[in-house]
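Reader: Got a minute to walk me through this one? I'd like to go region by region and hear the reasoning as well as the result.

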Amino acid sequence: MKKVSKIIAMAFGAGAAIWAAGVSFLVYKTFFNPPEPEREQPQANRFYDDDIADAAKITSDAIRNLQEKYEPAEVFITTDDGITLPGFFYINENKTENTFVCVHGYNTDSDFAFAAMVEPILQAGYNCFLVNHRRFGGHEGKFTGFGILEKEELVKWIDCVNSYFPNGKIILYGTSMGAATIMQASDKDLPNVVGFIEDCGFTTCYDEISFLLKSVLHLPSKPITESMGFVTKALLDLDLKSSDSREALKNTNLPALFIHGGRDNFVPTYMVEECYEACASEDKKLIIYDTARHVHSHFKYPEQYEKDIFEFAKRIFGE
């Protein structure tokens, strides 16, 4: 009997060790060391169609065009934990004080995320400010906050813009994690912010990780996400459930444009529907581009996307 009990205890201990190792690995890959995205010759995969290569070329061409034609002002913030991050401010020659603040998503940087939108924003008559998050794009920071830390840093970026244009107006424009960052900050005091555009944002970090564990890895999402939450709280002081887009949106009156791809299987469409329904603003609109994948609405429907963006901006800026 003692031998059987010993074997059971050993098996339980081994199982617990394997579970802990697996959870720790997932935390490491998610927050500390996500795989580098393929930018030169990306291939179709479960998240993107064959046209991902076309989107990558459009982006690369746009980056070269910006480098050749513009010299943005480089500005910096220092985060509460001492990280220095750069932002790039494309100031329009027409002397406007109205600015788009562009907030990129997970595992990318502002250049790659918004290169194809900078010139359209400038041509529409606005300034364009590109935010860079911790950890990604070669910038400082050992780990990403997955929007939890970034929503606090967004206030500092807004202060940067306001230091240039104290009487200007700001529209926040974010994609993926950047969109979630904006929604989760939407109930804060954000001086001169008059509205926001979110494209493919998620509800919470917890929900997004749980969804991907189940849909991509086919793993039991709830127990693993709960375990990851315990580890991230202990190691990084990050509560995966603490920043909820829906809860913040219940307390915002900012005009809002919600955008999502109808075939997005990275951040599922039901998340934008929940965020839209939660939003307390009386001025809100939801657009779903039927065949677009994650953050690919602009590439799939460029003319309509820009029309929708700038109709919203013109109205909200009061032009």
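**A walk through the predicted model**

Author: Happy to; let's begin with Lys214, which sits in helix 6 (residues 205-215). Keep in mind that this is a predicted model.

Reader: Is Lys214 buried or exposed?

Author: Exposed needs a relative accessible area over 50%. Lys214 has 57%, so the label is exposed.

Reader: Leaving aside neighbours within four places in sequence, which residues is Lys214 in contact with?

Author: Ile224 lies 10 residues along the chain from Lys214, and their C-alpha atoms are 10.0 Å apart. Contact asks for heavy atoms within 4.5 Å. With the neighbours within four places set aside, the partners of Lys214 are Leu219 and Ser221.

Reader: On to the helices. At roughly what angle do helix 4 and helix 5 cross, and what does that make them?

Author: Helix 4 covers residues 150-164 and helix 5 covers residues 177-185, with axes that come within 9 Å. The crossing is at roughly 80°. Angles of 65 to 115 degrees count as roughly perpendicular, so helix 4 is roughly perpendicular to helix 5.

Reader: What classes of residue make up that contact?

Author: From helix 4 come Glu150, Lys151 and Leu154, and they meet Met177, Thr181, Ile182, Gln184 and Ala185 of helix 5. Sorted by class, that contact has four nonpolar, two polar and two charged residues.

Reader: Which element gives the largest share of the largest nonpolar core?

Author: That core has 31 residues, and Val101, Phe129, Leu172, Phe196 and Phe258 have the most contacts inside it. Its largest share is five residues, and they come from helix 4.

Reader: How many residues does the other core have?

Author: This other core lies apart from the largest one, and its members include Ile197, Leu257, Ala292 and Phe317. Its size is 30 residues.

Reader: Back to Phe129: which residues of helix 4 does it touch?

Author: Outside its neighbours within four places, Phe129 is in contact with residues including Val75, Gly87, Phe88, Phe100 and Val101. Helix 4 runs over residues 150-164, and the contacts of Phe129 there are Trp157, Cys160 and Val161.

Reader: Val75 and Gly87 turn up there. What is the bridge partner of Val75 in strand 2?

Author: Strand 1 (residues 73-78) and strand 2 (residues 84-90) pair in the antiparallel sense, over six bridges. Five residues lie between the strands of this hairpin, and Gly82 has a positive phi near 90°. Within the pairing, the partner of Val75 is Gly87.

Reader: Ser176 has a positive phi too. Is that residue buried or exposed?

Author: Most residues other than glycine have a negative phi. Ser176 is not a glycine, yet its phi is about 55°, and its place is the loop between strand 5 (169-175) and helix 5. Its relative accessibility is 9%, which means Ser176 counts as buried.

Reader: And what about Val295, how does its accessibility class come out?

Author: Val295 also has a positive phi, near 55°, in the loop between strand 8 (284-289) and helix 10 (297-300). Buried means under 20% relative accessible area. Val295 is at 21%, so it counts as partly exposed.

Reader: Last one: is Arg135 buried or exposed?

Author: Arg135 is in the loop between strand 4 (127-130) and helix 4. Beyond its neighbours within four places, its contacts include Phe31, Phe32, Pro34, Glu140 and Phe143. Relative accessibility is 15%, so Arg135 counts as buried.

Key: Residues numbered from 1 in each chain as written. Predicted model: local features only at pLDDT ≥ 70, side-chain atom pairs only at ≥ 80, totals over all residues. Heavy atoms only, no water. Axes fitted to C-alpha atoms, helices over the stretch in contact; angles between N-to-C directions. Helix = DSSP H or I, 4+ residues; strand = E, 2+ residues; numbered from the N terminus. Parallel < 35°, antiparallel > 145°, perpendicular 65-115°, else oblique. Nonpolar A, V, L, I, M, F, W, Y, C, P; charged D, E, K, R; others polar. Core = buried A, V, L, I, M, F, W, Y, C linked by side-chain atoms within 4.5 Å. Buried < 20%, exposed > 50% of the residue type's maximum accessible area, 1.4 Å probe, protein only. Pairing = 2+ DSSP bridges.
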